[in-house]
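Here's a quick walk through one fold, sheet to helices to core. Have the viewer open and follow along.

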Amino acid sequence: RKCDAGVEANGQAMRAKGLEVFPMVFVSVEGQGMDRYTRDLSAEALSSFINTKLQPTTDEDVFPYSEDLIGDEYPVFIKFYESWCSRCLAMKRAFEGAASRMVGRVMFMEVECSSSDEATAFCLKHAVDGYPTLKLLG
C-alpha cells in the first residue's frame, strides 16, 4: 500500500506508529518471514542483501541438542526455539548460513525446548524465557 509521507497528515500518522525513517524497505522471503532492511539503500547493497536471503542453506552444519557436544574444543552458539515460533522460523536460514560460514570455529546447536524432558531442563538451566533465545557458551 502506498502512502505519501510528504503529506503532513500521513507523516504525523506514520510518526505516531514509530515509522520515522523514509523510505522503509521490507524484504519478505517465503518461509523466512519479513525483515526490515536498514542498510545502505543503493541498488548494489540491496541486491546483495536479497541475493544473500535467497542463497540456499542447509541444516547440515547445525547440530541437534546434545549436552555431550558442549565442550572446550569450540564455543557453542545455541538457538533455543519452539516449532510454533514464527520468529524462530524467520531466522532459520540466517542461523544455518552463519553455521556454514563458521564451521571449524564455532559449533551451532538448536534446542527445541519442549522436545524432551532433558531439553526442557537444559532451557530452564539457561534461563530461557522467550523464543528465540540465542546464547554463546564457551
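## Ground rules

Contact here means heavy atoms within 4.5 Å. Keep in mind that this is a predicted model.

## The sheet

Start with the strands. There are 4 of them in an open sheet, ordered E3-E5-E4-E6, and the pairing is mixed. At the edges sit E3 (62-64) and E6 (133-137), each with a pairing partner on one side only. On average, neighbouring strands in this sheet are turned by 30 degrees against each other, direction ignored.

Zoom in on one pair: E3 runs parallel to E5 (residues 107-112), and 3 bridges join the two. Across from Phe-63 you'll find Met-109 of E5. As a reminder, strands of a sheet pair through backbone hydrogen bonds, either parallel or antiparallel.

## Two helices across it

Which strands does H4 lie across? Helix H4 (residues 92-101) lies across E3, E4 (76-81), E5 and E6, at about 150 degrees to E5. Its buried residues are Phe-95, Glu-96, Gly-97 and Ala-99, and these pack against E3, E4, E5 and E6. Note that a glutamate is on that buried list.

Helix H5 (residues 117-125) lies across E4 and E5, running at about 110 degrees to E5.

## What's in the core

The largest nonpolar core counts 11 residues. Among them are Val-76, Ile-78 and Phe-80, plus Met-107, Met-109 and Val-111. Also in the set are Ala-119, Phe-122 and Cys-123. E4, E5 and H5 each chip in at least two residues. Apart from this core lies another one of 6 residues, including Val-62, Met-91, Val-106 and Phe-108. In soluble globular proteins, nonpolar side chains tend to be buried together.

Val-128 belongs to the 11-residue core as well. Setting aside neighbours within four places in sequence, Val-128 is in contact with Phe-80, Cys-113, Cys-123 and Thr-133.

## Backbone oddities after H5

The loop between H5 and E6 deserves a look at its torsions. Ala-127 lies in that loop, and its phi is near 55 degrees, a positive value in a residue other than glycine. Is Ala-127 buried or exposed? Its relative accessibility is 56%, so Ala-127 counts as exposed, given that the cut-off for exposed is over 50%.

Further along, Pro-132 is found in the loop between H5 and E6 too. The peptide bond leading into it from Tyr-131 is cis, with omega near -10 degrees.

Note on methods: Residues numbered from 1 in each chain as written. Predicted model: local features only at pLDDT ≥ 70, side-chain atom pairs only at ≥ 80, totals over all residues. Heavy atoms only, no water. Pairing = 2+ DSSP bridges. Axes fitted to C-alpha atoms, helices over the stretch in contact; angles between N-to-C directions. Buried < 20%, exposed > 50% of the residue type's maximum accessible area, 1.4 Å probe, protein only. Core = buried A, V, L, I, M, F, W, Y, C linked by side-chain atoms within 4.5 Å.
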